[in-house]
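Student: I would like to test the labels used for this model against their cut-offs. Can we go through them one at a time?

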Amino acid sequence: MFTTQGINETPVTAGKRRQLVNELRGKGIVSELVLQAIGKVPRQLFFPKDFEQFVYRDAAFPIGHGQTISQPYTVAFQTALLDLKPGSKVLEIGTGSGYQAAVLSACGAMVYTIETIKELLMESVKVLKILDNEIQCFHGDGSMGLSAFAPFDGIVVTAGAPEIPQTLVSQLVVGGKLVVPVGDKPDTQKMYRVTRINEKETKTEVFGDFKFVPLTGKEGWNGKN
Ligand code: SAM
């Protein structure tokens with residue numbers, strides 16, 4: 001279960017986080033569940049040291065290995081599209097810093113997360129275990145999902161895919177939702193939400209423009225080359 005007990009926090013970081021929540025509300029995020037979760041997660045824990053002044057800006061930031069911690073607005077937008085209920089079982093593809101996994105946990109979800117860069121995963125696991133020791137972290141190609149633990153109520157991909165990864169769709173429960181940025185160029189995408197209606201049918205909705213790092217792996221850009 002998500003907790004911030006034992007985390008040392010200054011009134012400054014807590015205040016900046018409240019401002020960030022208000023900023024996201026102003027940008028159109030309406031899910032109170034998601035806004036409250038963003039309000040609980042100490043983003044400074046997932047940030048490179050010595051860059052404190054950037055922690056609560058609504059912007060992505062480099063975390064090493066050519067990767068980024070996602071912009072809070074993007075994290076909130078994707079999380080809201082999942083329509084989480086308490087106890088929803090969610091798979092995140094692209095753990096990165098671990099921030100979005102923590103936000104999902106703070107929403108009350110049961111979180112599975114997979115990352116392809118081992119060094120990033122090892123760093124994020126250290127922080128995630130403090131906030132919720134039930135989050136399950138895996139190293140591997142998340143474009144193929146996590147069949148051993150499927151099906152999931154929600155799957156969120158935090159890197160840009162060339163097409164909707166069908167293996168991920170097949171790992172949803174009926175009624176489950178896949179949220180994935182898709183674009184035919186590696187650095188610009190539209191946000192897709194695919195809902196599994198029944199065993200054979202899906203409903204696809206397309207939302208605004210985003211910029212993610214590329215999804216590697218077999219059902220990501222590696223499969224296109
Ligand atoms: N959710 C992250 C956070 O909150 O910090 C942001 C992730 S960053 C924008 C995208 C991540 O996806 C990178 O860490 C990258 O290594 C990872 N990634 C890319 N392709 C992947 C794949 N096939 N399987 C697992 N992770 C992948």
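Tutor: Yes. Keep in mind that the model is predicted. We begin with Glu 52, which has a relative accessible area of 54%.

Student: Why is Glu 52 called exposed?

Tutor: Exposed means over 50% relative accessible area. Glu 52 has 54%, so Glu 52 is exposed. Glu 52 is in the loop between helix 2 (32-40) and strand 1 (61-64). The C-alpha atoms of Glu 52 and Thr 13 are 9.2 Å apart, with the two positions 39 residues apart along the chain.

Student: What makes Asp 50 exposed?

Tutor: The cut-off is over 50%. Asp 50 has a relative accessible area of 65%, so Asp 50 is exposed. Asp 50 also lies in the loop between helix 2 and strand 1.

Student: What is noted about the phi of Asp 50?

Tutor: Phi is positive there, about 75 degrees, and Asp 50 is not a glycine. Most residues other than glycine have a negative phi.

Student: Why is His 65 called partly exposed?

Tutor: Buried is under 20%, exposed is over 50%, and partly exposed is in between. His 65 has 48% relative accessibility, so His 65 counts as partly exposed. His 65 lies in the loop between strand 1 and strand 2. Phi of His 65 is positive too, near 60 degrees.

Student: What makes Gly 66 exposed?

Tutor: Gly 66 has a relative accessible area of 65%, and the cut-off is over 50%, so Gly 66 is exposed. Gly 66 is found in the loop between strand 1 and strand 2. Gly 66 and Phe 77 are 11 residues apart in sequence and 23 Å apart, C-alpha to C-alpha.

Student: Why is Ser 88 called buried?

Tutor: Buried means under 20%. Ser 88 has 8%, so Ser 88 is buried. Ser 88 lies in the loop between helix 3 (72-81) and strand 3 (89-93).

Student: How do you know that Ser 88 has a polar contact with Lys 85?

Tutor: The backbone nitrogen of Lys 85 lies 2.8 Å from a polar atom of the Ser 88 side chain. The cut-off for a polar contact is within 3.5 Å, so the pair qualifies.

Student: What makes helix 3 mostly covered?

Tutor: In helix 3, 9 of its 10 residues are buried. Among them are Tyr 73, Val 75, Phe 77 and Leu 81. Helix 3 is followed by Asp 83, with a positive phi near 50 degrees.

Student: How do you know that the ligand has a polar contact with Ser 97?

Tutor: An oxygen atom of the ligand is 2.6 Å from an N or O atom in the Ser 97 side chain. The limit is within 3.5 Å, so this is a polar contact. The side chain of Glu 115 also has an N or O atom 2.6 Å from a ligand oxygen. For the side chain of Thr 158, the distance to a ligand nitrogen is 3.3 Å. The protein covers 99% of the 610 Å² of accessible area that the ligand has on its own.

Student: Where does the ligand sit, and what is the make-up of its shell?

Tutor: The ligand sits in the largest pocket. The shell residues divide into 9 nonpolar, 15 polar and 3 charged. Strand 2 gives the largest share, 3 residues.

Student: Which peptide bond is cis?

Tutor: The bond from Ala 150 to Pro 151 is cis, with omega near 5 degrees. Most peptide bonds are trans. Pro 151 is in the loop between strand 5 (136-139) and strand 6 (152-157).

Note on methods:
Residues numbered from 1 in each chain as written. Predicted model: local features only at pLDDT ≥ 70, side-chain atom pairs only at ≥ 80, totals over all residues. Heavy atoms only, no water. Polar contact = N/O pair within 3.5 Å; in protein donor to acceptor, adjacent residues only side chain to side chain. Areas by Shrake-Rupley, 256 points an atom, 1.4 Å probe, with all protein chains shown as cover. 1 Å grid on protein atoms, 1.4 Å probe; cavity = no way out; pocket = protein on both sides within 12 Å on 5 of 7 lines; lining within 4 Å. Sits in = over half its atoms within 2 Å of the grid points. Helix = DSSP H or I, 4+ residues; strand = E, 2+ residues; numbered from the N terminus. Nonpolar A, V, L, I, M, F, W, Y, C, P; charged D, E, K, R; others polar. Buried < 20%, exposed > 50% of the residue type's maximum accessible area, 1.4 Å probe, protein only.
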